[in-house]
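Here's a quick briefing to read alongside the structure. Have a look at the chain first, then come back for the notes.

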Amino acid sequence: MSALARLRKFWLDVHLWLGVGLFIPVVLLGLSGAVLVFHDELERALHPQRYAVTAGHELPPSAFILAAKPALGDSFQISAVQFPLH
């Protein structure tokens with residue numbers, strides 16, 4: 001076997017084992033990134049009771065403000081009401 005063939009085989013082995021060694025961290029990075037990207041969808045799938053909606057008529061924002069006032073007490077002043085987009 002010539003020196004060039006041995007060098008080529010050496011670099012192929014280095015490339016193989018670097019790929020094998022880096023495979024697990026790259027897969028873990030991909031999975032953790034997917035969890036971050038699809039956080040809301042995963043949250044809805046894992047905890048559907050948090051997103052349960054009852055059928056009925058819509059309440060005006062003042063009803064929510066009146067319901068929140070006893071829980072907050074007199075030291076809080078409600079400055080905005082934000083409803084979910086979905």
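What follows is a short tour, from the overall fold down to single residues.

Keep in mind that this is a predicted model. The chain has three helices and zero strands, so its radius of gyration is worth a look next: at 29 Å it sits well over the 12 Å that the globule rule gives for 86 residues, so the chain is more spread out than a compact globule.

**Overall layout**

- Reading from the N terminus, the elements go α-α-α.
- Along the principal axes, the C-alpha atoms fill a box of roughly 85 × 35 × 15 Å.
- Ala3 and Val81 give a feel for the spread: they are 78 residues apart in sequence, and their C-alpha atoms are 75 Å apart in space.
- Ala3 belongs to helix α1, which covers residues 3-37.
- With a relative accessibility of 55%, Ala3 counts as exposed, since the cut-off for exposed is over 50%.

**Surface and charge**

- How much of the chain counts as buried? Just 1% of the 86 residues.
- The accessible surface adds up to about 8300 Å², and 69% of that belongs to carbon and sulfur atoms.
- The chain carries 6 positive and 6 negative charges, and the mean positions of the two sets are 20 Å apart.

**A buried glutamate**

- Glu43 sits in helix α2, which runs over residues 39-46.
- Is Glu43 buried or exposed? Its relative accessibility is 17%, so Glu43 counts as buried, the cut-off being under 20%.
- Leaving aside residues up to four places away in sequence, Glu43 touches Arg50 and Tyr51.

**The aromatic pair**

- The count of aromatic pairs comes to one.
- That pair is Phe10 with Trp11, and its geometry is edge-to-face, with 5.2 Å centre to centre and 65° between the planes.
- The angle is why the pair gets that label, because planes over 60 degrees apart count as edge-to-face.
- Which accessibility class does Phe10 fall into? At 47% relative accessibility, Phe10 counts as partly exposed.
- Trp11 has a relative accessible area of 51%, so Trp11 is exposed.

Notes: Residues numbered from 1 in each chain as written. Predicted model: local features only at pLDDT ≥ 70, side-chain atom pairs only at ≥ 80, totals over all residues. Heavy atoms only, no water. Helix = DSSP H or I, 4+ residues; strand = E, 2+ residues; numbered from the N terminus. Rg over C-alpha atoms; globule rule 2.2 N^0.38 Å. Buried < 20%, exposed > 50% of the residue type's maximum accessible area, 1.4 Å probe, protein only. Areas by Shrake-Rupley, 256 points an atom, 1.4 Å probe, with all protein chains shown as cover. Lys, Arg positive; Asp, Glu negative; His and termini not counted. Charge placed at Lys NZ, Arg CZ, Asp CG, Glu CD. Contact = heavy atoms within 4.5 Å. Phe/Tyr/Trp six-rings, centres within 6.5 Å; stacked < 30°, edge-to-face > 60°.
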